[in-house]
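Please explain how this chain is put together, beginning with the overall fold and moving on to individual residues.

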Amino acid sequence: MITISNNILDVTIAAKGAELQSIYNKQTGLDYMWNAGIEWPKKSPVLFPIVGGLKNNSYNYNGKQYQLSRHGFSRDMVFEVENQTENSATFFIQSSEETLAIYPFIFKFSIVYKVLSNQLTVTYIVENKGEETLYFSVGAHPAFKVPLISGESYTDYYLQFNELETIGIYPLSSEGLIELEPLPMLDNTNQLPLTKQLFYKDALVFKKLQSTSISILNNKNNNGLKLSYQGFPYMGIWAAKNADFVCIEPWCGVADNVATSGNLEEKEGMNELVTNATFSRTWMVETF
């Protein structure tokens, strides 16, 4: 485990998956991350080089079919630590014989964690080290504890968007593929009350929200958090069935839709990176 800290936050990250384990605020005395209980044994997997699932867990590229499991392989790899200071740490993986067998691109993928005051920033950096265009998606999957304080209820909490939203969600098929037409969800509102039933049919998948931040707030006290993001065109909100957490997931990518061709270059949400180019996106959590 790697820990970075300042006078307010202690943040712990595991080498496996460079997965965020804990955001502990010394002033509030609260850890904001889910405890990886039996309902879902993870805390904050990083999604790369795809987000969500592929139809039949496969895709086609340059006339060849490849197998790639849901959310890609980075969450299961052990990252190396490239740099570490008291308040920041940079982790990375890069292509290898094992990755090339299932994802034929030469890359370096880095994740930079940094604490400043009561905020944690997380930056994803993708570098194309090969000679052909790199196709990829990347996304976050952090699970935040709800309720934050013992004795409170899940339904005391709600999500607050920083803009009024009138937008639907794209439901998931039984195979985990995105349906083509959205269902109504938010109607000129910036609040979404949290209930366990909200996630009984899997994640809420949004495309092109107006908002650039989503806060977890409650009706009992002033504790909560705000997750800010820029340049992430997709958003997933999810919890395992009856679990005491909610995931706020900014994505640069999305699962295959039900009409997918299976060709990687045609897949919705793929980012294209030319030789020697770099892609970077950052999301931030402010705790209070």
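The paragraphs below go from the whole chain to selected strands and loops.

The model is predicted. Its secondary structure consists of 1 helix and 22 strands. The C-alpha trace spans about 55 × 45 × 35 Å along the principal axes. For a chain of 288 residues, a compact globule would have a radius of gyration near 19 Å, and the protein has 19 Å, so the value agrees with that of a compact globule. Of the 288 residues, 58% are buried. Among contacts with a separation of 6 or more, 64% join residues that are 24 or more positions apart.

The accessible surface comes to about 12500 Å², and carbon and sulfur atoms account for 45% of it. As for charge, there are 21 positive and 30 negative side chains in the protein. The centres of these two sets lie 3 Å apart.

Individual strands come next. Strand 10 covers residues 119-128 and contains I125. Is I125 buried, exposed or partly exposed? Its relative accessibility is 22%, and because buried means under 20% and exposed over 50%, I125 counts as partly exposed. Leaving aside neighbours within four places in sequence, I125 is in contact with K108, F109, S110 and V112, and also with T278, F279 and S280. L180 is 55 residues from I125 along the chain, and the C-alpha atoms of I125 and L180 are separated by 30 Å.

Strand 21 spans residues 271-273, and E272 has its place there. With 55% relative accessibility, E272 counts as exposed. Which residues does E272 touch, not counting those up to four places away in sequence? They are T133, L134 and Y135. E272 can also be placed relative to N128: the two are 144 residues apart in sequence, while their C-alpha atoms are 9.6 Å apart in space.

The loop that precedes strand 21 runs from strand 20 (245-252) and holds T260. T260 has 18% relative accessibility and therefore counts as buried. The side chain of T260 reaches the backbone nitrogen of G262, at a distance of 3.1 Å.

Strand 20 also borders another loop, the one that begins after strand 19 (234-238), and N242 lies in that loop. The phi angle of N242 is near 65 degrees, a positive value in a residue other than glycine. N242 counts as partly exposed because its relative accessibility is 39%.

D202 is another residue other than glycine with a positive phi, here near 85 degrees. D202 lies in the loop between strand 15 (183-193) and strand 16 (204-207). At 29% relative accessibility, D202 counts as partly exposed.

Peptide geometry is the next topic. Where does the chain pass through a cis peptide bond in the loop between strand 4 (30-31) and strand 5 (58-61)? The bond from F48 to P49 is cis, with omega near 5 degrees, and P49 is found in that loop. A cis peptide bond also leads from V146 to P147, with omega near 0 degrees. P147 lies in the loop between strand 13 (143-145) and strand 14 (157-169).

The loop between strand 6 (64-67) and strand 7 (80-84) contains S69. With a relative accessible area of 41%, S69 is partly exposed. Not counting residues up to four places away in sequence, S69 touches I50 and N57. N56 is 13 residues from S69 along the chain, and the C-alpha atoms of S69 and N56 are separated by 9.1 Å.

To return to the overall picture, the radius of gyration of 19 Å agrees with that of a compact globule, and 58% of the residues are buried. T260 is an example of a buried residue, whereas E272 is an exposed one. Partly exposed residues include I125, S69, D202 and N242.

Technical notes
Residues are numbered from 1 along each chain as its sequence is written. This is a predicted model: local features need pLDDT of at least 70, side-chain atom pairs count only at pLDDT 80 or more; totals for chains, interfaces and linings use all residues. Side-chain values use heavy atoms; hydrogens and water are left out. Helices (H or I, at least four residues) and strands (E, at least two) are DSSP runs, numbered from the N terminus. The radius of gyration is taken over C-alpha atoms; the globule rule is 2.2 Å times the number of residues to the power 0.38. Buried means under 20% relative accessible area, exposed over 50%, partly exposed in between (1.4 Å probe, protein chains only). Contact means heavy atoms within 4.5 Å. Accessible areas come from the Shrake-Rupley method with a 1.4 Å probe; for residues, only the protein chains shown count as cover. Lys and Arg count as positive and Asp and Glu as negative; His and the chain ends are not counted. The place of a charge is taken as NZ of Lys, CZ of Arg, CG of Asp or CD of Glu. A polar contact is a pair of N or O atoms within 3.5 Å; within protein, one must be able to donate a hydrogen and the other to accept it, and residues adjacent in sequence count only if both atoms are side-chain atoms.
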